[in-house]
Amino acid sequence: MGTEIISGVYFTPLAPIVTTGGSVMHAIKGLDQDLQQFGECYFSTADSKSPKAWKKHSQMVCNLFVPYGAVKFVFFDDRENSETYGKVVDFTLSRQNYGRLVINPGIWFGFSAISESESVILNIANIKHEPSESIRLDPYDLTIPYKWNFD
Ligand SMILES: Cc1cn([C@H]2C[C@H](O)[C@@H](COP(=O)(O)OP(=O)(O)O[C@H]3O[C@H](C)C(=O)[C@H](O)[C@H]3O)O2)c(=O)[nH]c1=O
């Protein structure tokens, strides 16, 4: 399951296999507790210092990896019955902090590349993309107590 970042979000570090000429970075080997079925996988890109936010899934479990670049993810928990209710937490995935970030449904999240150039995110999800299973807010919506700042 990994280390809890905020309730429902877990990080498991994975060690890249570094060889002459390049590296091998594993993502997922078979289905497990955090990916009980396979829906789809896709790459999403993040521009430098430009937030993609906010989103909350009701069904999708995201398994995220950043094989290229560095991406800061920000989470906000607005579930009143949650142990981390009201908390805002950020966590960065990168080549230097490579691993699997599991985001269960129910938590608000957004992200931005903090690398100088574009970053790449791999999402291996339990369901196929379905617009009606997520809700969205503008990156600067005041409902979420977080200000994107790239100074
Ligand atoms: C994923 C997907 C998206 N779209 C459309 C919907 C939007 O009009 C546009 C951008 O999608 P979205 O805003 O969801 O992209 P990201 O902000 O990169 O987020 C996606 O990738 C990150 C890493 C997540 O973890 C999210 O769960 C996932 O939604 O592509 C489709 O038409 N089909 C698809 O399969």
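Two strands count as paired if DSSP finds at least two bridges between them, and I keep that definition at hand for the sheet entries below. I also note at the start that this is a predicted model.

**Entry 1: the open sheet.** I looked up which strands pair with which, and found that 5 strands form an open sheet in the order β9-β8-β11-β6-β13, with antiparallel pairing. The edge strands of this sheet are β9 (88-94) and β13 (134-136), each of which pairs on one side only. From one strand to the next, the twist averages 25°. Inside the sheet I followed β6 to strand β11 (residues 108-113), and the two run antiparallel and are joined by 2 bridges. As one example of this pairing, I noted that K52 has F111 in β11 as its bridge partner.

**Entry 2: the whole protein.** I then stepped back to the full chain, where I counted 13 strands and 0 helices. The radius of gyration of the protein is 15 Å, close to the 15 Å that the globule rule gives for 151 residues, so the protein is as compact as a globular protein of that length. Taken along the principal axes, the box filled by the C-alpha atoms is roughly 50 × 40 × 30 Å. Of the 151 residues, 27% are buried. I also checked the contacts between residues at least 6 apart in sequence, and 82% of them join residues at least 24 apart.

**Entry 3: strand β7.** Is β7 enclosed or open to the outside? I found that 5 of its 7 residues are buried, so β7 is largely enclosed by the rest of the structure. Looking for its partners, I found 3 bridges to strand β10 (residues 99-103), which runs antiparallel to β7, and within this pairing N63 has V102 as its bridge partner. I also found 5 bridges from β7 to β12, again with the strands antiparallel, and here F65 stands opposite L122.

**Entry 4: around the ligand.** Which residues are around the ligand? I listed Y42, S44, K52, K55, C62, L64, I121, N123 and H129. The elements that give two or more residues to this shell are β5 (40-46), β6 (52-57), β7 (62-68) and β12 (119-125). Sorting the shell by residue type, I obtained 4 nonpolar, 3 polar and 2 charged residues. Going back over my earlier entries, I see that K52, which is bridged to F111, also belongs to the residues around the ligand. Likewise, β7 and β12, which are joined by 5 bridges, are both among the elements that give two or more residues to the shell.

Key. Residues numbered from 1 in each chain as written. Predicted model: local features only at pLDDT ≥ 70, side-chain atom pairs only at ≥ 80, totals over all residues. Near = placed C-beta within 6 Å. Helix = DSSP H or I, 4+ residues; strand = E, 2+ residues; numbered from the N terminus. Nonpolar A, V, L, I, M, F, W, Y, C, P; charged D, E, K, R; others polar. Rg over C-alpha atoms; globule rule 2.2 N^0.38 Å. Buried ≥ 20, exposed ≤ 12 C-beta atoms within 10 Å, placed from the backbone. Contact = placed C-beta atoms within 7 Å. Axes fitted to C-alpha atoms, helices over the stretch in contact; angles between N-to-C directions.
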